[in-house]
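Please read these notes with the structure open beside you. They go through it point by point.

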Amino acid sequence: PHHPTPPVFPASVVVFAPDDANITERMAARSEVLNDRARGHFSSERLAFLFKPGRYDVEAKIGYYTSVTGLGASPYDVVFAGERGVYVDAMDPQQAGSLDTFWRSGDNFRHEASTGFRWAVSQAAPLRRIVAAGDLELFDPTAQVNYASGGYLGNSIVEGSLILGSQQQWINRNVQMNGATGGAWSNVYVGCAGAVAAPS
């Protein structure tokens, strides 16, 4: 059968180009439910943000059931800049921290935000084919309760430090690293290169 080019995506798929206006505001509006712990945690809503090659100065908190994907041939083709870029904070900073910050993913982009890259998650929240130009922070130190438990980083480069903090049960596979700090237990490194931390 004939398929249109570009395809006709459902409303749950949003494609951005670098010259689009109000990207930060549009992402926030579309993510309102999925960034609300009470409504988003077991929502039936799903969301994919796809980014054409280019540079994006955005401040975008990534919620439950949300994927952020660069559409370039290389992670260097899509760059998130600004102060925070795309990020994940603890969903329940007063009680559970990041222990229920599940179900989201990031793929195929470079992250150059001036404050580093925070991806404070637990379980089912992988990062793949990303380049972190600064530190990659895997917990939320601003939360009153900053626990984080589990995730995956694969086929990636971390040019700064991998900041594990309270993170546990995290696997790094085929990651070019520049050192790591913190971490609780069951942090694993498979096929990693550079300044690789000892497993914990």
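The numbered points below cover the core, the surface, some polar pairs and some backbone angles.

1. Status of the model. This is a predicted model. Every value in these notes is computed from it.

2. The nonpolar core. The largest nonpolar core contains 39 residues. Among those with the most contacts inside it are Phe51, Phe80, Phe117 and Trp119. Val86, Leu136 and Leu153 belong to that list too. As background, nonpolar side chains in soluble globular proteins tend to be buried together.

3. Phe51 as an example. What does Phe51 touch, once residues up to four places away in sequence are left out? Its contacts include the aromatic residues Phe16, Tyr56 and Phe80. Also among them are Ile23, Met27, Val68, Leu71 and Val78. Thr69 and Gly70 complete the list.

4. A nonpolar patch on the surface. Ile171, Val188 and Val190 make a nonpolar surface patch of about 190 Å². Ile171 lies in strand 12, which covers residues 170-178. With a relative accessible area of 31%, Ile171 is partly exposed, because the partly exposed class runs from 20% to 50%.

5. Asn108, a polar residue under cover. Is Asn108 buried or exposed? Its relative accessible area is 8%, so Asn108 is buried. Asn108 sits in strand 6, residues 104-111. A polar atom of the Asn108 side chain lies 2.9 Å from the backbone oxygen of Gly70. The side chain of Asn108 also has a polar contact of 2.9 Å with the side chain of Arg129. Leaving out residues up to four places away in sequence, Asn108 touches Gly70, Leu71, Gly72, Ser74, Pro75 and Val78, and also Arg128, Arg129 and Ile130. Gly70 and Leu71 are thus named as contacts of Asn108, and they are named as contacts of Phe51 as well.

6. Arg39 in helix 2. Helix 2 spans residues 37-40 and contains Arg39. Arg39 is partly exposed, at 42% relative accessibility. Not counting residues up to four places away in sequence, Arg39 touches Glu32 and Val33. Tyr64 is 25 residues from Arg39 along the chain, and the C-alpha atoms of the two are separated by 9.9 Å.

7. Salt bridges, starting with Arg37 and Asp92. Side chains of opposite charge can pair when their charged atoms come close. A search of the whole structure finds twelve salt bridges. One of the salt bridges joins Arg37 and Asp92, with the closest N and O atoms 3.4 Å apart. Arg37 lies in helix 2 and Asp92 in the loop between strand 5 (78-87) and strand 6, so this pair ties together parts that are 55 residues apart in sequence. The partners differ in how covered they are: Arg37 is partly exposed at 34%, whereas Asp92 is buried at 9% relative accessibility.

8. A network of salt bridges. Asp89 forms a salt bridge with Arg84, the closest N and O atoms being 2.8 Å apart. Asp89 is buried, with a relative accessible area of 14%. In another salt bridge, between Asp140 and Arg118, the closest N and O atoms are 3.2 Å apart. This second pair links distant parts of the chain, 22 residues apart: Asp140 is in the loop between strand 9 (136-137) and strand 10 (151-158), and Arg118 is in strand 7, residues 117-118. Asp140 counts as buried at 3% relative accessibility, and Arg118 counts as buried at 12%. Which residues do shared partners join into one network? Arg84, Asp89, Arg118, Glu137 and Asp140 are joined in this way.

9. Positive phi angles. Two residues are worth checking in the backbone. Phi of Ala124 is near 50°, a positive value in a residue other than glycine. Ala124 lies in the loop between strand 7 and strand 8 (127-132), and Ala124 is partly exposed at 48% relative accessibility. Phi of Asn155 is also positive and near 50°. Asn155, however, lies in strand 10. Its relative accessible area of 43% makes Asn155 partly exposed.

Conventions. Residues numbered from 1 in each chain as written. Predicted model: local features only at pLDDT ≥ 70, side-chain atom pairs only at ≥ 80, totals over all residues. Heavy atoms only, no water. Core = buried A, V, L, I, M, F, W, Y, C linked by side-chain atoms within 4.5 Å. Buried < 20%, exposed > 50% of the residue type's maximum accessible area, 1.4 Å probe, protein only. Contact = heavy atoms within 4.5 Å. Patch = residues over 30% accessible without salt bridge, like charges linked within 9 Å, V, L, I, M, F, W, Y side chains within 5 Å. Areas by Shrake-Rupley, 256 points an atom, 1.4 Å probe, with all protein chains shown as cover. Salt bridge = Lys/Arg side-chain N within 4 Å of Asp/Glu carboxyl O. Helix = DSSP H or I, 4+ residues; strand = E, 2+ residues; numbered from the N terminus. Polar contact = N/O pair within 3.5 Å; in protein donor to acceptor, adjacent residues only side chain to side chain.
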